[in-house]
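Here's a quick tour for anyone meeting this protein for the first time. Have a look at the picture, then read on.

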Amino acid sequence: MKYSIIVAMLLSLVLATGCGKPGRHEIEVSGNVTLDGQPVEKGAVFFLPTGAGGSDGGGNIVDGKYTALVTLGEKLIRVRGSKYMGQVKNTDPAYSNETKASYKMITDPKLHEDGSTLKVEIKGRKMTLDLALESGKALGQ
């Protein structure tokens with residue numbers, strides 16, 4: 001009886017503390033992504049560590065909204081966004097009778113990815129972070 005109580009207590013402790021990698025605590029970051037005030041239809045948001053030892057994270061943009069799992073600490077944010085342009089004929093010979101969705105890149109890689117200076121401190125249990133991009137202006141400026 002005494003042995004089963006000890007085993008149950010140890011099992012409860014293991015389940016309560018989790019089995020993940022030590023020091024890798026992720027939180028959910030979500031929000032809206034706009035370009036010149038309009039929702040970004042499709043794309044991705046990237047959270048890159050600013051220091052050594054950090055982990056990156058990210059999530060997909062769908063209809064102007066994203067959700068990402070991100071580790072704690074300071075992160076540099078980069079955004080890639082696209083706009084739906086309609087259906088086009090598939091150029092792959094194996095699928096020549098089909099159409100596929102066509103998307104156009106609407107974010108500027110020089111401004112919203114490589115040129116991004118926007119940094120944020122990821123902390124807490126859950127964060128909301130809206131990203132308002134502007135044409136001709138680097139993210140964070």
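What follows walks through the overall layout, the confidence, the core, some strand pairing and two individual residues.

## The big picture

First things first: this is a predicted model. The protein chain has 141 residues, and 29% of them count as buried. Its secondary structure comes to two helices and ten strands. Reading from the N terminus, the order is α-β-β-β-β-β-β-β-α-β-β-β, so in the DSSP numbering the chain starts its list of elements with helix α1.

Now for contacts and surface. Take the contacts between residues at least 6 apart in sequence: 63% of those join residues at least 24 apart. As for the outside, the chain exposes about 9,400 Å², with carbon and sulfur atoms supplying 55% of that area.

## How confident is the model?

The mean pLDDT of the chain is 81, and 82% of the residues reach 70 or more. That confidence isn't spread evenly over the elements: helix α1 (residues 2-17) has the lowest mean pLDDT, at 39, while strand β2 (residues 38-39) has the highest, at 96.

The start of the chain deserves a second look. Over residues 1-23 the pLDDT stays under 50, and for this stretch the model has one contact beyond four places in sequence.

## The core

In soluble globular proteins, nonpolar side chains tend to be buried together. Here, the largest nonpolar core has 20 residues, and Val-29, Val-33, Phe-47, Tyr-66, Ile-77 and Leu-131 have the most contacts inside it. Two or more residues each come from β1 (26-35), β3 (42-49), β5 (65-71), β6 (73-89), β8 and β10 (131-133). The largest share, four residues, belongs to β1.

Which residues does Leu-131 touch once its neighbours within four places in sequence are set aside? Its contacts are Asn-32, Val-33, Thr-34, Val-45, Tyr-66, Ile-77, Val-79 and Leu-118.

## Strands side by side

Strand β4 (residues 57-62) pairs with β3 in the antiparallel sense, over six bridges. Phe-47, one of the core residues with the most contacts, stands opposite Gly-57 in β4.

β4 also pairs with β5, again in the antiparallel sense, this time over three bridges. Gly-58 has Leu-69 in β5 as its bridge partner. The hairpin made by β4 and β5 has two residues between the strands, and Asp-63 takes a positive phi near 50 degrees there.

## A buried serine

Ser-116 sits in the loop between α2 (109-113) and β8 (119-122). Is this residue buried or exposed? Its relative accessible area is 6%, under the 20% cut-off, so Ser-116 counts as buried.

What does the side chain of Ser-116 have as polar company? One of its polar atoms lies 2.4 Å from the backbone oxygen of Ile-77. The backbone nitrogen of Leu-118 is also there, 3.4 Å from a polar atom of the Ser-116 side chain. Leaving aside neighbours within four places in sequence, Ser-116 is in contact with Leu-76, Ile-77, Arg-78, Leu-111 and Leu-139. Among these, Ile-77 is also one of the core residues with the most contacts.

## An exposed lysine

Lys-110 is found in helix α2. With a relative accessibility of 68%, which is over the 50% cut-off, Lys-110 counts as exposed. The C-alpha atoms of Lys-110 and Ala-138 are 7.7 Å apart, although these two residues are separated by 28 residues along the chain.

Methods: Residues are numbered from 1 along each chain as its sequence is written. This is a predicted model: local features need pLDDT of at least 70, side-chain atom pairs count only at pLDDT 80 or more; totals for chains, interfaces and linings use all residues. Side-chain values use heavy atoms; hydrogens and water are left out. Buried means under 20% relative accessible area, exposed over 50%, partly exposed in between (1.4 Å probe, protein chains only). Contact means heavy atoms within 4.5 Å. Accessible areas come from the Shrake-Rupley method with a 1.4 Å probe; for residues, only the protein chains shown count as cover. A polar contact is a pair of N or O atoms within 3.5 Å; within protein, one must be able to donate a hydrogen and the other to accept it, and residues adjacent in sequence count only if both atoms are side-chain atoms. A nonpolar core is a set of buried Ala, Val, Leu, Ile, Met, Phe, Trp, Tyr and Cys residues joined through side-chain atoms within 4.5 Å. pLDDT is the predictor's confidence in each residue, from 0 to 100. Two strands pair if DSSP finds at least two bridges between them.
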